[in-house]
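Subject: Handover of a structure and notes on its helix packing

Dear colleague,

Please find the structure below, together with its sequence. My notes follow it, arranged by topic.

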Amino acid sequence: MPESTAPFRGCPFLNVSVEVPDPGHSAHQLATAHKKEFARRLTDIARQAGAADPETLGEQLALLFDGAVARGTVLNSSHTGACARSIAESLVDAALADAGQAAP
């Protein structure tokens, strides 16, 4: 499948944090708050799913998402998502397997 000629702009929250690097600026603070909330929501989902260490899994998935979007932006490709999904599945499977081993 050919790449799109339109630029892949990625995550607007990552973009604003690059464009407005001052951590005291309200736009940067909004981006930071969004990214923290995203990781918190992933952690909550991981906890509900029974992950052995939901905080770590939530952070890993948030980092994976951000990395995939950043790479997709640089490469002007939305295909990085498929690779990230495969990695995410491995992380989730491992976290749930670890939880199963730790259960009595």
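**Helix 2 against helix 3**

Helix 2 passes helix 3 in a right-handed crossing. Please note that the model is a predicted one. The axes of these two helices lie 8 Å apart, and the packing angle is about 130 degrees. Angles over 145 degrees count as roughly antiparallel and those from 65 to 115 as roughly perpendicular, with the remainder above 35 degrees classed as oblique; helix 2 and helix 3 are therefore oblique to each other.

On the side of helix 2, the contact is made by Lys35, Phe38, Ala39, Leu42, Thr43, Ala46 and Arg47. Helix 3 contributes Pro54, Glu55, Leu57, Gly58, Glu59, Leu61, Ala62, Phe65 and Asp66. By class, the residues of this contact divide into nine nonpolar, two polar and five charged.

**Helix 1 against helix 2**

Helix 1 spans residues 12-19, and its axis comes within 9 Å of the axis of helix 2, crossing at roughly 145 degrees. The crossing of helix 1 with helix 2 is left-handed. In this contact, Phe13, Leu14, Val16 and Ser17 of helix 1 meet Ala27, His28, Ala31, His34 and Lys35 of helix 2. The contact comprises five nonpolar, three polar and one charged residues.

**The nonpolar core**

In soluble globular proteins, nonpolar side chains tend to be buried together. Which residues form the largest nonpolar core here? There are twelve: Ala39, Leu42, Ala46, Ala51, Leu57, Leu61, Ala62, Leu64, Ala68, Ala84, Ala88 and Ala95. Helix 2 (26-49), helix 3 (54-75) and helix 4 (80-102) are the elements that each give two or more residues to this core. Helix 3 gives the most, with five residues. Within the core, Ala88 touches Leu61 and Leu64, when residues up to four places away in sequence are not counted.

**Individual residues**

Four further positions may be of interest when you inspect the coordinates.

- Alanine 6 lies in the segment before helix 1. Alanine 6 is partly exposed, with a relative accessible area of 42%. Its C-alpha is 15 Å from that of valine 69, and the two residues are 63 apart in sequence.
- Lysine 36 belongs to helix 2. Its relative accessible area is 60%, above the 50% cut-off, so lysine 36 is exposed. Between lysine 36 and glutamate 19 there are 19 Å, C-alpha to C-alpha, at a sequence separation of 17 residues.
- Threonine 73 is part of helix 3. With 25% relative accessibility, threonine 73 counts as partly exposed. Leaving aside residues up to four places away in sequence, threonine 73 touches Phe8, Arg9 and Gly10. Threonine 73 and threonine 43 are 30 residues apart in sequence, and their C-alpha atoms are 25 Å apart.
- Asparagine 76 is located in the loop between helix 3 and helix 4. Asparagine 76 has a positive phi of about 55 degrees, although it is not a glycine. Its relative accessible area of 22% lies between the cut-offs of 20% for buried and 50% for exposed, so asparagine 76 is partly exposed.

With kind regards

Key
Residues are numbered from 1 along each chain as its sequence is written. This is a predicted model: local features need pLDDT of at least 70, side-chain atom pairs count only at pLDDT 80 or more; totals for chains, interfaces and linings use all residues. Side-chain values use heavy atoms; hydrogens and water are left out. A nonpolar core is a set of buried Ala, Val, Leu, Ile, Met, Phe, Trp, Tyr and Cys residues joined through side-chain atoms within 4.5 Å. Buried means under 20% relative accessible area, exposed over 50%, partly exposed in between (1.4 Å probe, protein chains only). Helices (H or I, at least four residues) and strands (E, at least two) are DSSP runs, numbered from the N terminus. Contact means heavy atoms within 4.5 Å. Axes are lines fitted to C-alpha atoms, for helices over the stretch in contact, and angles run from 0 to 180 degrees between N-to-C directions. A crossing is left-handed if the near helix is turned anticlockwise from the far one by less than a right angle, and right-handed if clockwise. Ala, Val, Leu, Ile, Met, Phe, Trp, Tyr, Cys and Pro count as nonpolar, Asp, Glu, Lys and Arg as charged, and the others, Gly among them, as polar.
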